[in-house]
Each structure stands twice: as structure tokens, then as C-alpha cells.
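The following exercises are meant to be worked through with the sequence and the model side by side. Try each task before reading the solution beneath it.

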Amino acid sequence: QKKARTERVFLFSSESVNEGHPDKICDQVSDAVLDACLTTDPQSKVACETATKDNMVMVAGEITTQAKIDYDKIVRGVVAQIGFDSYVDDLSSVDSKGLSDKTCEVLVRINKQSPDIAGGVHVGKEDLDVGAGDQGIMFGYASDETEDAMPLTHSIATRLGKTLTDVRKSGLLWWLRPDGKTQVTIE
């Protein structure tokens, strides 16, 4: 007779993307636009989305601010800081990093916040009653596996990704590119 297992065994995986992953590039550009707006005008209303593909970065959304924003300069600055400095339109190129701060196309499609959104979010509302429009909130859970309260797989994947970025930027592994992903699985 076979006995049923009393202990469950499972695999738990986490992944982490490096600063050059398209999702992270877009997050960093949108964050930089928000920072530029709030630095000059703390009352700015910013709904900024960014997309990138094939040596192009597009910033779009609704922004109402008194700040004078140089979107081109912000985009190119973020792209350069990450380390994207060469683009060759040839998939077999070993020189191309897929994006260049000097030659990328920067598209800007920014309008002022619509009156409908403004009315639903902040116009005519008390300071403690302002909303976030249609923005969602993501949440997770805390764990006692690590000092940072993150699941162990996430902590390891993030540290591995940071190490990859550090050795790329130091020149130790000169051939690494900014886009990277780590995945860690633990039983």
C-alpha cells in the first residue's frame, strides 16, 4: 500500500528585471517626468505613461503643471544614465544595445488633464478627499524569510540583478547590456 505524503513540496519562483528592461526604462522615464513637474510645481497633476521600442521612446498622457518640461532632455538623460548609447538597425549587430540616448526618436503626446478627470479626482475636494482617478493599487505580502520582509526568491533575484548592473557599469563584464532578467526558484 502506498502512503499519502503528509508534507507538501512546491517550487516558488521570483524574477527581477534590470534597469535596461523596457518596463524599467518606461518606469524611470515616467518617474523622471513626475519629478521634474513636482520640483517646480508641487501642485502638478501628472498621469504619464511611457513606451519604448526599436530606438524610440514615447511619453504620453495628461499633465497639468506650471513647470516648463523639456521631455526630450529628460528622456535622453534617463536613457544615457541607464547605459543605452548605441543603436544599429541590424539584429545581428554586436555593437547595438538597442537604444541610443543620442539618436533615439522621442515622441511626446502630452495634453492637459481632462476636466472630467480633474472633477473626479481633485477639483472642489478637500485635501483629504482627493482621489487617484482610475489608478490601481498593487499590494503584496510581507515575509519573515528575509530581513527586508520580502520572499527569499525575490530578494536573491533582485540582488543578482543589481550585481549584473554593477559589473556591467564597472566594465568588469563589458559585454553585458542594460536589459537583463534574473529568476530564482527555491523548493
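At 51% relative accessibility, Phe10 counts as exposed, because the cut-off for that class is over 50%. The model in which this value was computed is a predicted one.

**Exercise 1. Locate Phe10 along the chain, and find which residues make a nonpolar surface patch with it.**

Solution. Begin with the position: Phe10 is placed in the segment before β1, a strand that covers 12–17. Then turn to the surface, where Phe10, Phe12 and Tyr141 make a nonpolar patch of about 340 Å².

**Exercise 2. Decide whether Asn18 is buried or exposed, and list its contacts beyond the neighbours within four places in sequence.**

Solution. First find Asn18 in the loop between β1 and α1, the latter spanning 22–40. Next compare its accessibility with the cut-off: Asn18 has a relative accessibility of 6%, and therefore counts as buried, since buried means under 20%. Finally, with those sequence neighbours left aside, the contacts of Asn18 are Lys24, Gly161, Leu164, Thr165, Pro178 and Gly180.

**Exercise 3. Work out how the strands β2, β3 and β6 are arranged, and where α1 stands in relation to them.**

Solution. Start with the order, which is β2-β3-β6 in an open sheet of three strands with mixed pairing. The edges are taken by β2 (45–52) and β6, each of which pairs on one side only, and from one strand to the next the twist averages 15°. Strands of a sheet pair through backbone hydrogen bonds, in either a parallel or an antiparallel sense. Here β2 and β3, the latter made of residues 56–64, are paired antiparallel over eight bridges, and in this part of the sheet Ala47 stands opposite Glu62 of β3. The helix α1 packs on the sheet and touches both β2 and β3, while its direction makes about 150° with that of β2.

**Exercise 4. Describe the surroundings of Asn111, and say how far it is from Thr64 in sequence and in space.**

Solution. Asn111 belongs to strand β6, which consists of residues 105–111. With a relative accessible area of 53%, Asn111 is exposed. Apart from neighbours within four places in sequence, Asn111 is in contact with Gly61, Glu62 and Ile63. Asn111 and Thr64 are 47 residues apart in sequence, whereas their C-alpha atoms are 7.8 Å apart in space.

**Exercise 5. Trace the salt bridges of Glu19, and then examine the one between Arg76 and Asp72.**

Solution. The count of salt bridges comes to eight. In one of them Glu19 is joined to Arg168, with the closest N and O atoms 2.7 Å apart; because Glu19 lies in the loop between β1 and α1 and Arg168 in helix α4 (residues 152–170), the pair ties together parts that are 149 residues apart in sequence. Glu19 also meets Lys169 in a salt bridge of 3.1 Å, N to O, and this pair links helix α4 to the loop between β1 and α1 across 150 residues. Glu19, Arg168 and Lys169 are thus linked in a network of salt bridges. As for accessibility, Glu19 and Arg168 are both buried, the relative accessible area of Glu19 being 15%, whereas Lys169, at 44%, counts as partly exposed.

The last step concerns Arg76 and Asp72, whose salt bridge has its closest N and O atoms 2.8 Å apart. Since Arg76 and Asp72 are four residues apart in helix α2 (residues 71–82), about one helical turn separates them. Asp72 itself is partly exposed, with a relative accessible area of 34%.

Technical notes:
Residues are numbered from 1 along each chain as its sequence is written. This is a predicted model: local features need pLDDT of at least 70, side-chain atom pairs count only at pLDDT 80 or more; totals for chains, interfaces and linings use all residues. Side-chain values use heavy atoms; hydrogens and water are left out. Patches are made of residues with over 30% relative accessible area and no salt bridge: like charges are joined within 9 Å, nonpolar side chains (Val, Leu, Ile, Met, Phe, Trp, Tyr) within 5 Å. Accessible areas come from the Shrake-Rupley method with a 1.4 Å probe; for residues, only the protein chains shown count as cover. A salt bridge is a side-chain nitrogen of Lys or Arg within 4 Å of a carboxyl oxygen of Asp or Glu. Helices (H or I, at least four residues) and strands (E, at least two) are DSSP runs, numbered from the N terminus. Buried means under 20% relative accessible area, exposed over 50%, partly exposed in between (1.4 Å probe, protein chains only). Contact means heavy atoms within 4.5 Å. Two strands pair if DSSP finds at least two bridges between them. Axes are lines fitted to C-alpha atoms, for helices over the stretch in contact, and angles run from 0 to 180 degrees between N-to-C directions.
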